[in-house]
Amino acid sequence: MDGGAAYLGFVFFPRSPRNVTPERAAELTRHVPKYMATVAVVVDASDAELDALFAKFRPDFIQLHGKESPARAWEIKGKYGAHVIKAATVRTGDDIAGAMAYINAVDMLLFDAKAPEAEGFLPGGNGLRFDWNLLRGREFPLPWILSGGLRVDNVREAVRLTAAQIVDVSSSLESEPGIKDPELVRAFLDETRQLS
């Protein structure tokens with residue numbers, strides 16, 4: 001955990017190969033340093049699902065990766081007391097403009113590639129990228145995260161084009177779906193450290 005990561009995410013979505021239980025997330029974060037924030041990634045989670053999650057695991061952030069409305073995001077933020085990240089899936093500039101509806105309801109935005117409407121694709125974590133030029137020169141009134149298709153060999157270009165201050169990566173650092181490769185993780189952290 002000394003590689004420089006600032007956030008540690010856990011996926012709570014049964015269809016994902018990265019899905020974990022709240023009990024497992026609590027166990028894995030027992031020795032996480034205080035400077036590293038924990039993130040619970042959920043997809044259209046009900047109150048009952050969030051209640052069960054928070055009964056066992058207390059993340060610093062909830063990342064909403066479904067079709068949650070701004071009102072739902074605000075409701076979750078108030079009820080659970082965690083910071084909220086809303087993932088906006090992007091294919092065109094209109095998708096980025098649509099994310100502005102959330103600026104008063106969440107603490108951060110995350111821009112990820114929109115998955116094809118085909119069977120087998122998840123709401124995120126597909127290793128797909130969108131046209132990063134869509135973010136070039138844009139400013140937002142709250143912090144934002146770049147995600148989608150980032151790898152060791154392209155994160156430098158992605159940050160140069162978008163001026164992203166925070167990047168999110170998952171599937172490209174795996175030896176197989178759901179299994180992180182320590183060498184790829186280390187290489188990605190080394191590359192991103194050189195960008196700061």
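## A parallel sheet, its helices and its aromatic pairs

Let us start with one residue: Ala73 sits in helix α3. The model it belongs to is a predicted one. Ala73 counts as buried, because its relative accessibility is 0%. Which residues does Ala73 touch, once its neighbours within four places in sequence are left aside? They are Leu64, Val84, Tyr102, Ala105 and Val106. Ile62 lies 11 residues from Ala73 along the chain, and the C-alpha atoms of the two are separated by 9.5 Å.

**The sheet and the helix across it**

Helix α3, residues 70–80, lies across two strands, β3 (61–64) and β4 (83–90). Relative to β3, the helix runs at about 160 degrees. Both strands belong to an open sheet of 7 strands, in the order β1-β2-β3-β4-β5-β6-β7 and with parallel pairing. The edges of this sheet are β1 (7–12) and β7 (166–167). Each edge strand has a single partner, so one of its sides is left without a neighbour in the sheet.

Two of the strand pairings can be looked at more closely. Strands β3 and β4 run parallel and are joined by 4 bridges, and here Phe61 stands opposite His83 in β4. Further along, 3 bridges join β5 (residues 108–113) to β6 (residues 144–146), again a parallel pair. Phe111 stands opposite Leu146 in β6. As for β4, 6 of its 8 residues are buried, so the strand is largely enclosed by the rest of the structure.

**Helix against helix**

Now back to α3, this time with its helical partner. Two packed helices are described by the angle between their axes and the distance between the axes. For α2 (residues 47–56) and α3, the angle is about 35 degrees and the axes are 12 Å apart. The crossing of α2 past α3 is right-handed. On the α2 side, the contact is made by Asp47, Leu50, Asp51 and Phe54; they meet Arg72, Ile76, Lys79 and Tyr80 of α3. How many of these contact residues are nonpolar, polar or charged? The contact of α2 with α3 divides into 4 nonpolar and 4 charged residues, with no polar ones.

**Aromatic pairs**

Across the whole structure, a search finds 7 aromatic pairs. Two of them are set out here.

| Pair | Centre to centre | Angle between planes | Geometry |
|---|---|---|---|
| Phe12 and Phe57 | 5.9 Å | 40 degrees | tilted |
| Phe111 and Phe140 | 5.2 Å | 35 degrees | tilted |

The pair of Phe12 and Phe57 links distant parts of the chain, 45 residues apart. Phe12 lies in strand β1, whereas Phe57 is in the loop between α2 and β3. Both Phe12 and Phe57 are buried. This pair also has company: Phe10, Phe12 and Phe57 form one aromatic cluster.

What does the pair of Phe111 and Phe140 tie together? Phe111 lies in strand β5 and Phe140 in the loop between β5 and β6, so the pair ties together parts that are 29 residues apart in sequence. Phe111 and Phe140 are buried too. Phe111 thus appears in two settings, one being the position opposite Leu146 in β6 and the other the ring pair with Phe140.

Notes: Residues are numbered from 1 along each chain as its sequence is written. This is a predicted model: local features need pLDDT of at least 70, side-chain atom pairs count only at pLDDT 80 or more; totals for chains, interfaces and linings use all residues. Side-chain values use heavy atoms; hydrogens and water are left out. Two strands pair if DSSP finds at least two bridges between them. Contact means heavy atoms within 4.5 Å. Axes are lines fitted to C-alpha atoms, for helices over the stretch in contact, and angles run from 0 to 180 degrees between N-to-C directions. Buried means under 20% relative accessible area, exposed over 50%, partly exposed in between (1.4 Å probe, protein chains only). A crossing is left-handed if the near helix is turned anticlockwise from the far one by less than a right angle, and right-handed if clockwise. Ala, Val, Leu, Ile, Met, Phe, Trp, Tyr, Cys and Pro count as nonpolar, Asp, Glu, Lys and Arg as charged, and the others, Gly among them, as polar. Rings of Phe, Tyr and Trp (its six-membered ring) pair if their centres lie within 6.5 Å; planes under 30 degrees apart count as stacked, over 60 as edge-to-face and the rest as tilted.
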